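Before reading on, please open the sequence and the structure side by side. The paragraphs that follow move through a few selected regions in turn.

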Amino acid sequence: MAPALATLATAWAGRTQLRLAVAVSFVFGAVTLALLPIASKPMPPMPGFVPVYQSALIVVYGLTTYLFLAQYRRIRSAPLLVLGAGSLYVTLVVLLQLLSFPNLLAQGRLLGDGPDTTTWLWTFWHLGPPLFALPYAVLEGDRRAPPAPRGMAGWLGATTIAGTVAAAALTGVVVARYVHLLPKCVEGDDYWLLTTSGIGPGVVALTVLALAVLWWKTRLRTVLQLWLAVSLLLLVFDNMVTLPGAARGTVGWFAGRMEALVAGFILLAVYLREVDFLYAQAEATAEDREARRAELERARDNLDLALEAAEMGDWELDLRANTSRRSPRHDAILGHREPVAEWDVKTFLGQVVPEDRDAVRVAFDAAVRTGLLDIDCRIRRADDGTTRSVKVLGKVYRDETGQPRSMAGVVMDTTRQREAEERLNQSQKMEAIGQLTGGVAHDFNNLLTIIIGNLDMIVRKPENPQRVERLATSAMTAARRAAEVTEKLLSFSRRQLVRPETVNPNRLLKDFQALLRRAVGETVEIRFDLDAVLDPVRLDPGQFESAVLNLAVNARDAMPNGGVLTVKTCNGHLDAAEIPDRPDLQPGAYVLVSVTDTGQGMEAATRNRAFEPFFTTKDVGKGTGLGLSQVYGFVRQAGGHAQIKSEVGRGTSVELYLPRSAERAAEARPDNALPLRQAVFGEVVLVVEDEPAVLEMAVESLGELGYRTLTATRASEALDRLGGPERIDILFSDVVMPGGMNGVQLSVEARRLRPGLRVLLTSGYTGTALDEHAVPADLPLLSKPYQRDELANKLRIVLG
């Protein structure tokens with residue numbers, strides 16, 4: 001495969017490189033021509049020049065050899081291997097020439113017995129570059145030089161290096177022991193014979209030939225080819241100025257040595273510059289990948305929070321290696337308090353109740369064929385053995401051959417939805433069981449499709465941070481909608497968690513009227529007819545406001561051309577004759593809150609089904625059909641009664657009968673919305689939460705509000721902190737935690753250790769589940785999922 005980054009051998013030479021190469025060639029050509037008239041003049045003696053020069057050549061060509069061979073090992077290019085062999089040959093021959101100089105490293109010569117050996121070694125090292133440049137040019141000429149086979153690249157490289165070393169050794173043997181058989185090319189320090197014998201001009205001719213072939217075959221298209229040509233041209237200049245000098249120690253001889261050194265160094269210099277450039281590229285790429293990884297991790301965290309808010313756990317299963325990845329919520333749904341070491345289809349089937357096991361097995365087998373998994377079944381939790389209903393959705397991913405590679409999806413505990421269905425069935429709510437089943441499946445499948453689809457697109461193409469952020473935001477929106485649907489279902493089934501207060505409905509309506517006017521728009525006139533001596537009632541203020549808002553929005557939709565909306569309150573009484581079909585209602589004093597419109601009205605059939613969940617007369621996509629059912633659920637949860645009076649063309653009136661309370665109404669809330677409560681005295685909050693993602697979110701939210709935080713994952717750890725010397729102003733604890741002690745019990749022990757401690761509890765469980773944990777009615781409780789603003793408002797109440 002081609003290298004990921006362009007290198008010296010593959011990068012195309014640009015205009016800047018070409019101009020620089022021409023400038024270098026022009027400068028050295030001009031210097032060579034200028035020195036030709038004085039090439040034979042002697043230079044002052046320089047005793048250390050030869051060893052320094054030869055050593056520099058060895059280092060330069062040695063490093064160049066390493067770079068060529070290292071790049072060959074990376075991209076397995078045969079032309080690069082040829083250049084590496086040529087550079088290695090020159091390095092070894094220059095080393096042999098160094099050993100042939102007299103009295104340099106020892107008395108006399110270590111190699112050979114006269115200047116002929118030294119001169120012939122000089123000749124052979126000048127033959128090395130053009131001899132190896134020729135096959136390089138031929139191999140690179142067609143631009144299709146295939147890489148060496150991956151299995152043979154190492155063997156081919158080792159063989160080439162061994163052959164090059166053998167060739168250099170043979171050269172040394174020939175010029176040391178059989179130099180007398182070679183043409184005479186030097187007399188003492190005078191090597192005019194090198195020119196007259198034709199050896200020197202032959203070297204020049206071979207170099208010029210190599211330069212011409214290189215240009216003809218490659219057109220010097222890459223950076224390496226361009227500067228290799230410059231190096232060969234400098235060797236031509238070396239010979240041109242050295243041969244006229246005709247003796248060691250002359251101007252020509254010295255200038256030639258410098259040009260030869262630059263010819264060797266020029267490739268190394270360009271290579272080192274290229275290495276620096278590649279390092280900068282690699283560093284930038286690493287930084288970019290790290291930034292993308294961080295963006296992806298943040299997106300993944302956001303998606304995890306979305307799934308957590310929707311009470312879903314995600315999972316991924318490698319069908320080949322039989323390994324898996326699951327989120328903590330996934331394991332918690334299946335009843336594992338700690339992450340399990342292994343999980344697969346067989347493990348899951350082991351927890352499915354026997355009656356559902358065959359259907360689940362068939363669903364998994366079908367998913368391998370169809371690519372989609374959709375399971376509704378019952379499981380037995382691993383920790384306490386209780387039976388829970390779960391929904392599992394997934395998708396199969398395949399490899400290039402179409403074979404299943406992995407499967408990923410989500411799991412959701414649907415026990416509460418099933419219990420809601422059973423509750424509705426038991427109370428015989430106007431045949432709502434059929435509507436509820438279809439509605440729940442429709443709404444949740446739509447929401448799960450959004451979340452799974454976005455998760456699928458993020459997993460398949462995670463490289464675009466903006467796209468990942470957009471998809472994660474969409475998944476978060478769908479998760480919030482799922483939470484809203486769950487809340488409405490719980491309200492209808494009277495299983496929603498409520499925090500009732502004794503209030504005057506008139507005060508709530510007055511505080512709420514500005515929002516109500518904005519909700520219905522300018523075409524609808526709102527009139528309030530409020531009884532000044534209205535009795536107090538005990539209810540959840542937030543649910544009451546939500547119920548009135550639902551009724552107002554429905555009334556607005558029934559008056560498309562505008563009209564009058566009247567909100568009325570008065571004291572009333574229901575006797576046994578008025579509620580014969582409601583044996584669970586007690587006759588007595590009630591407070592009546594009615595919302596009346598002048599709209600289109602309802603037919604009898606529509607009026608009889610209006611409170612059914614998921615029943616709607618609106619167009620597809622315009623409503624969930626849960627508005628009036630939520631109102632009905634709220635009123636029944638408050639112990640009251642709701643009824644609809646309507647005629648076609650004469651408007652509709654929805655009457656809510658709420659039981660009168662003997663308690664005194666709470667103090668009125670301030671008219672203006674309170675600002676977000678920030679910590680002002682360095683308050684310290686001890687956060688106790690066993691879910692890491694929820695704990696992290698809580699700490700982050702408290703930090704933004706200015707609070708300092710301490711953390712604990714179970715009650716025992718929290719008690720240890722409370723028993724220590726650290727400052728703690730507020731205990732913010734989950735109700736249901738592992739370890740044998742819940743949040744309520746922890747609050748009792750905490751106040752025993754620190755009598756003045758403020759306590760705020762939070763839970764994602766609903767009414768019946770929390771009743772099992774004995775949550776006191778007067779203890780502040782924040783329902784999950786919550787946002788930062790809701791947390792701030794609860795802290796305001798806790799801190800007074």
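A residue is called buried when its relative accessible area is under 20%. The model shown here is a predicted one, and the walk through it begins with strand E1, residues 312-318, where 5 of the 7 residues are buried, so that this strand is largely enclosed by the rest of the structure. On one hand, E1 is joined to strand E5 (residues 404-413) by 7 bridges, the two strands running antiparallel, and within this pairing Leu 317 has Met 407 of E5 as its bridge partner. On the other hand, E1 is also joined, again in antiparallel fashion, to strand E2 (residues 323-326), here through 4 bridges, with Arg 325 of E2 serving as the bridge partner of Glu 316. E1 and E2 together form a hairpin in which 4 residues lie between the strands, and Asn 322, in the turn, has a positive phi of about 60°.

Another strand residue that can be examined individually is Ser 594, which belongs to strand E10, residues 588-597. Because its relative accessibility is 6%, Ser 594 counts as buried. Leaving aside residues up to four places away in sequence, Ser 594 touches Thr 566, Val 567 and Lys 568, as well as Ser 653, Val 654 and Glu 655.

Which residues of helix H24 are buried? In this helix, which spans residues 788-798, they are Leu 791, Ala 792, Leu 795 and Val 798. Viewed down the axis of H24, these buried residues fall within an arc of 120°, and they therefore line one face of the helix. Their packing partners are helix H20 (692-704) together with three strands, namely E15 (730-734), E16 (758-763) and E17 (781-783).

The aromatic residues offer a further way into the model. A pair of aromatic rings is described by the distance of the centres and the angle of the planes. The structure holds 10 aromatic pairs. In one of them, the ring centres of Phe 49 and Tyr 53 are 5.7 Å apart and the planes meet at 10°, so this pair is stacked. Phe 49 and Tyr 53 are 4 residues apart in helix H2, which means that about one helical turn separates them, and both of these residues are buried. Ring pairs also link Phe 49 and Tyr 53 with Trp 253 and Phe 254 into a cluster.

Trp 215 and Trp 216 form an aromatic pair that is tilted, with 6.3 Å from centre to centre and 45° between the planes. Trp 215 counts as partly exposed because its relative accessibility is 43%, while Trp 216, with a relative accessible area of 56%, is exposed. Arg 219 is associated with both rings: it lies over the face of Trp 215, at 4.6 Å from the ring centre, and its charged end sits over the ring of Trp 216, 4.7 Å from the centre of that ring.

A last stop returns to helix H2, residues 49-75, in which Arg 73 lies. Is Arg 73 buried or exposed? At 69% relative accessibility, Arg 73 counts as exposed. Although Arg 73 and Gly 154 are 81 residues apart along the chain, their C-alpha atoms are separated by 7.5 Å.

Terms used: Residues numbered from 1 in each chain as written. Predicted model: local features only at pLDDT ≥ 70, side-chain atom pairs only at ≥ 80, totals over all residues. Heavy atoms only, no water. Buried < 20%, exposed > 50% of the residue type's maximum accessible area, 1.4 Å probe, protein only. Arc of directions from axis to C-beta. Contact = heavy atoms within 4.5 Å. Pairing = 2+ DSSP bridges. Phe/Tyr/Trp six-rings, centres within 6.5 Å; stacked < 30°, edge-to-face > 60°. Lys NZ or Arg CZ within 6 Å of the ring centre and 35° of its normal.
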